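Colleague: Hi, I'm new to this one and would like a quick tour. Could you put it up so we can talk it through?

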Amino acid sequence: ESKNRIKEETTCSLKAGETHNLYHINTKSNKIEVVIKNYLNQDWTCVNRIPHKWTKDNQIEIWTFRPLNSSEEAFLDLAVDFVTRDESQMRTATLFAPFWMVNRTGLPLTYKVGENYIHHPFNLSGPILLCFKSKNFFSKKKLSFSIANSKFSDSFSIDAIGNQGNVIAKDKDRVGYCTSVSIELSSFSLSKIVTISPFYSVLNKSSFNVDVSEDKETWIEVKSRSTQPLWPTDTKQCLLYIRLQINSSISQPISLKDSSSLLLKIGNRIINVHIDVTEYSVVVQLTNSFKGSAPVRIFNFLDGITVDYGQYLVSHRNRLPPMHSTYFTWHEPLITPRNLIWSTTASEEIITELDHDALGKTEEGDIFWATFLDGKQRVMVITQDQNLAQNTLQSSELFKPSFEVELLLKGIGIS
């Protein structure tokens, strides 16, 4: 919010994004005072003249603000765009910050712009307003930043709209803080939004409060319905353990190197984990389990025969009695390939891939099996009835969609 004062008796208050007409200003003799209210917990003031002669093209000046009621030698540079509207010949002065710096790291940042240092608290609700000096305003804009007590990163450009990249600020005692930097144009087209986010983060959409750790020694709390940045020290291994606060059970480690989805068993609870790995971020999303989140549901339709099943390359086995079904998930998520292995007292072990529909039988030819999708859930049927195995597979194919359309909307404009 800003406050403009013309002489002593003429004042007006403007909220962010508002406009106000000035009818009685004499640009030859009058000055205008602009007060920025409650930015970084204090008010800022600048007294300046509005140009008497305006050019047809945009004319941009840099105005320097000082703390209103403080002896602190701080300053705030903002830009003013002076333009004449061709239709009405109305002159418009727009006060703006060319760059809005958004800190999503959860840690304090310090920007280095030339010889100046600008501090960005981690708990600041709004952006830091950034403006380059007049001599550098139309040149390439570069800056570097440090995170907490780290060294400064290499300088990088913040000019190109739509640009996205990774920036590392190295620390003395660790590999470094890896961040993702994105640059977008605001709806107010004179400003660009520069967002600095952690490269690794955990988004907990589940109903559980959890702790996460890369070494089972240092734990970070991630409450239900919250997001927490991660700063792993070992990006080569890139492992993550998840601990439920409700019972202190700890999961098997999961890898953050590749995108995957899995149902993770933690003690006597299960939680769905989706890892999205892109060039610019790694997001670990936790959700409650849902129908279809288990790798497979196994049906044992064998008459009087128990099925032993487990994860391929893992020694642990479970038992499924006749005429029972169960959901199965991976015992050790790091071991690949992730395949199901099963056997009966009357057959050898059979390795079954779960990423496609299949129909098969044991070497003896008296036990048949089929795997197929029932909605989102992968199902495996083990039976002595060949027709049952064939029919369940064929019936599932009748409900498969002929094509799939995925529509992603970033935003909707209404005019």
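Modeller: Sure. One term before we start: a cavity here is a set of grid points where a 1.4 Å probe fits but cannot get out, and its volume is the space filled by probe spheres set on those points. Also keep in mind that this is a predicted model.

Colleague: Okay, how much space lies in the largest cavity?

Modeller: About 40 Å³. The structure holds one cavity of 30 Å³ or more.

Colleague: Which residues line that largest cavity?

Modeller: The lining is made up of G176, C178, F199, Y200, L230, W231, P232 and T235.

Colleague: And how many of the lining residues are nonpolar, polar or charged?

Modeller: Six are nonpolar and two are polar, with no charged residues in the lining.

Colleague: C178 caught my eye in that list. How far is its sulfur from the closest cysteine sulfur?

Modeller: The closest one belongs to C238, and at 9.7 Å it is too far for a bond. A disulfide needs the two sulfur atoms within 2.5 Å.

Colleague: Is C178 buried or exposed?

Modeller: C178 is buried, with a relative accessible area of 19%. The cut-off for buried is under 20%.

Colleague: How many disulfides are there in total?

Modeller: Zero, by that rule. Take C131 as another case: the nearest cysteine sulfur is that of C46, 12 Å away, and C131 is in no disulfide. C131 is buried too, at 10% relative accessibility.

Colleague: Let's switch to charges. How many salt bridges does a search of the whole structure find?

Modeller: Six. One of them joins the side chains of R243 and D211, with 3.0 Å from N to O. R243 sits in strand β21 (residues 239–244) and D211 in strand β18 (residues 210–213), so this pair ties together parts that are 32 residues apart in sequence.

Colleague: Which of those two counts as buried?

Modeller: D211 does, at 9% relative accessibility. R243 counts as partly exposed, at 22%.

Colleague: Got another one, maybe with R317?

Modeller: Yes, R317 forms a salt bridge with E349, and their closest N and O atoms are 3.5 Å apart. That pair links distant parts of the chain: R317 is in the loop between β27 (307–311) and β28 (318–320), while E349 is in strand β31 (residues 347–352), 32 residues apart. Both ends are partly exposed: R317 has a relative accessible area of 30%, and E349 has 47%.

Colleague: What about D357? What does it form a salt bridge with?

Modeller: Its partner is R378, and the closest N and O atoms are 2.7 Å apart. D357 is in the loop between β31 and β32 (358–361) and R378 is in strand β34 (residues 377–383), so the contact ties together parts 21 residues apart in sequence. R378 is buried, at 7% relative accessible area, whereas D357 counts as partly exposed, at 21%.

Colleague: New topic: the strands. In which sense do β17 and β25 pair, parallel or antiparallel?

Modeller: Parallel: strand β17 (residues 200–204) and strand β25 (residues 282–287) pair over five bridges. For a spot to look at, N204 stands opposite L286 in β25.

Colleague: And what does β24 do with β25?

Modeller: Strand β24 (residues 269–277) pairs with β25 in the antiparallel sense, over six bridges. There, I275 stands opposite V284 in β25. β24 and β25 form a hairpin with four residues between them.

Colleague: Last thing: any odd backbone spots?

Modeller: Some background helps here: most residues other than glycine have a negative phi, and most peptide bonds are trans. T336 and P337, though, are joined by a cis peptide bond, with omega about 0°. P337 is in the loop between β29 (324–328) and β30 (340–344).

Colleague: Where should I look for L40?

Modeller: In the loop between β3 (32–39) and β4 (42–48). L40 has a positive phi of about 55° although it is not a glycine, and L40 counts as partly exposed at 33% relative accessibility. A148 is another to check: its phi is near 55°, again positive in a residue other than glycine. You'll find A148 in the loop between β12 (142–147) and β13 (156–157), partly exposed with a relative accessible area of 31%.

Methods. Residues are numbered from 1 along each chain as its sequence is written. This is a predicted model: local features need pLDDT of at least 70, side-chain atom pairs count only at pLDDT 80 or more; totals for chains, interfaces and linings use all residues. Side-chain values use heavy atoms; hydrogens and water are left out. On a 1 Å grid over the protein atoms alone, a cavity is a set of points where a 1.4 Å probe fits but cannot get out, and a pocket is an open set with protein on both sides within 12 Å along at least five of seven lines; lining residues have an atom within 4 Å of a point. Ala, Val, Leu, Ile, Met, Phe, Trp, Tyr, Cys and Pro count as nonpolar, Asp, Glu, Lys and Arg as charged, and the others, Gly among them, as polar. A salt bridge is a side-chain nitrogen of Lys or Arg within 4 Å of a carboxyl oxygen of Asp or Glu. Helices (H or I, at least four residues) and strands (E, at least two) are DSSP runs, numbered from the N terminus. Buried means under 20% relative accessible area, exposed over 50%, partly exposed in between (1.4 Å probe, protein chains only). Two strands pair if DSSP finds at least two bridges between them.
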